[in-house]
Amino acid sequence: LQERVAQSEALAQLGQMATVGAHENRTPLGSSVMAARQLASGTLPGEDRDLVLNILKDESQRLNEALTNFLAYSRPRPLKLERADLNALAADVARIIAGDGSSGTRIETAFDQKLAPFRFDQDQIRQVAWNIALNAIQALDGKGSVLVSTGRREGFAYLRVDDDGPGITLAARDDLFQPFRTTKTHGTGLGLAIADRIVRAHGGRIEVESAPERGASFTVLIPTAQG
């Protein structure tokens, strides 16, 4: 009975992945194909060419992000634990977000200079930080500020992302780390589910503090004593 229940749940999730994947990929793929055809026709006026090129770039990036999330969720990689600097990782993520400049959101940082390097999977924790910071940027919609910080608790190092956006409702918080749950107009709803899985694999956890119209705070806690 347990095996049948597990199999039914797995098949239901597979069906959900297929539905969300088809929905999310159809629009950017269709837009990319249309843009490529217009460029290949050679009939586009010069003033329209840049617009179509931007559409092709944006939709290709959106398609790539969706596929990357699906692969990350369906085939989680084993941890590659190496001594790394969480401050440097957080600084890289903040710099990339601030360097984009298109969001209009102010990016601030505050790093614990006494936080020593420790063993964690640098690539996967970078993905966690990126997914959470990107959520904060999108929630702000070009306004407000995001603070990326690091620090220490007993036995843990943490990376924290605070924003002064609209916050998260109590109802939405219940499903925050569930796959395929999103309040965005587009998106796979896998970003936070992937982040939660990666952090749990490290033996850590993600804490969330938020209230409507009072912003949100995500704290990624990673044990500093990894085997």
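Reader: Which helix holds Leu63, and is Leu63 buried or exposed?
Author: In this predicted model, Leu63 is found in helix 2, which spans residues 46-74. Its relative accessibility is 17%. Buried means under 20%, so Leu63 counts as buried.

Reader: How many Å apart in space are Leu63 and Ser32?
Author: Along the sequence, Leu63 and Ser32 are 31 residues apart. Going from C-alpha to C-alpha, the spacing between Leu63 and Ser32 is 9.3 Å.

Reader: Happy to move on to the sheet! In what order do its five strands run?
Author: The sheet is open, and its pairing is mixed. Strand 2 (106-110) and strand 6 (205-210) are the edge strands, each pairing on one side only. From one strand to the next, the twist averages 15°. With strand 2 and strand 6 at the edges, the order reads 2-4-5-7-6.

Reader: Which residue of strand 7 stands opposite Ser210?
Author: Strand 7 covers residues 216-223 and pairs with strand 6 in the antiparallel sense, over six bridges. Across from Ser210, in strand 7, stands Ala216.

Reader: At about what angle does helix 6 run to strand 6?
Author: Helix 6, made of residues 191-201, lies across strand 6 and strand 7. Its direction relative to strand 6 is about 135°.

Reader: Good to know! Which residues does Asn131 touch, leaving out those up to four places away in sequence?
Author: Asn131 lies in helix 4, residues 122-140, and helix 4 lies across strands including strand 5, to which it runs at about 20°. Asn131 has a relative accessible area of 9%, so it is buried. Beyond four places in sequence, its contacts are Gly191 and Ile194.

How values were computed: Residues numbered from 1 in each chain as written. Predicted model: local features only at pLDDT ≥ 70, side-chain atom pairs only at ≥ 80, totals over all residues. Heavy atoms only, no water. Helix = DSSP H or I, 4+ residues; strand = E, 2+ residues; numbered from the N terminus. Buried < 20%, exposed > 50% of the residue type's maximum accessible area, 1.4 Å probe, protein only. Contact = heavy atoms within 4.5 Å. Pairing = 2+ DSSP bridges. Axes fitted to C-alpha atoms, helices over the stretch in contact; angles between N-to-C directions.
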